[in-house]
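Please work through the exercises below with the sequence and the model open beside you. Try each task before you read its solution.

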Amino acid sequence: MYRVLICDDQPDIVNALKIYLKPEGYELLTAQNGKEALEMVKKQSIDLILMDIMMPVMDGIVATD
């Protein structure tokens, strides 16, 4: 099973991605900003990150730099 981190501050987008990915068997994790995403990546193995580039606290561009 692949672990996917969805990093977005818009609940509608997160929910839409969950609707499409969960039935396919992916384990889904969520973060609301780049800082939360980085903290999660340090603690566990994640196979794929779907990250927004415009978020509060830390945007996706800074988080992936």
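The exercises that follow go from the sheet to single residues.

This is a predicted model, in which local features need pLDDT of at least 70 and side-chain atom pairs count only at pLDDT 80 or more, while totals for chains, interfaces and linings use all residues. Residues are numbered from 1 along each chain as its sequence is written, and side-chain values use heavy atoms, with hydrogens and water left out.

**Exercise 1. Describe the sheet, its edges and the helix that packs on it.**

Begin with the strands, which, like the helices, are DSSP runs numbered from the N terminus (H or I and at least four residues for a helix, E and at least two for a strand). Three of these strands make up an open sheet with the order β2-β1-β3, and their pairing is parallel, where two strands pair if DSSP finds at least two bridges between them. Next, look at the edges: β2 (27-31) and β3 (48-51) each have a single partner strand, so one side of each is left without a neighbour in the sheet. On average, neighbouring strands here are turned by 20° against each other, direction ignored (axes are lines fitted to C-alpha atoms, for helices over the stretch in contact, and angles run from 0 to 180 degrees between N-to-C directions). Finally, α1 packs on the sheet and touches β1, β2 and β3, and the direction of α1 makes about 160° with that of β1; touching, or contact, means heavy atoms within 4.5 Å.

**Exercise 2. Follow the pairing of β1 with β2, and then examine Arg3.**

The two strands pair in the parallel sense over five bridges, and within this pairing Arg3 stands opposite Glu27, whereas Cys7 stands opposite Ala31. Four of the five residues of β1 are buried, so this strand is largely enclosed by the rest of the structure; buried means under 20% relative accessible area, exposed over 50%, and partly exposed in between (1.4 Å probe, protein chains only). Arg3, which is found in β1, counts as partly exposed at 22% relative accessibility. The side chain of Arg3 makes a polar contact with the side chain of Glu27 at 3.4 Å, a polar contact being a pair of N or O atoms within 3.5 Å, of which, within protein, one must be able to donate a hydrogen and the other to accept it, and residues adjacent in sequence count only if both atoms are side-chain atoms.

**Exercise 3. Where does Asp8 lie, and which residues does Asp8 touch?**

Asp8 is placed in the loop between β1 (3-7) and α1 (11-21). Not counting residues up to four places away in sequence, the residues that Asp8 touches are Ile13, Val14, Ala31, Gln32, Asp52 and Met55. A polar atom of the Asp8 side chain also lies 2.8 Å from the backbone nitrogen of Gln10.

**Exercise 4. Is Asn33 buried or exposed, and which backbone nitrogens does its side chain reach?**

Asn33 sits in the loop between β2 and α2 (34-43), and with 9% relative accessibility Asn33 counts as buried. The side chain of Asn33 reaches the backbone nitrogen of Lys35 at 3.0 Å, and a polar atom of that side chain lies 2.9 Å from the backbone nitrogen of Glu36. Leaving aside neighbours within four places in sequence, Asn33 is in contact with Cys7, Met55, Pro56, Val57 and Met58.
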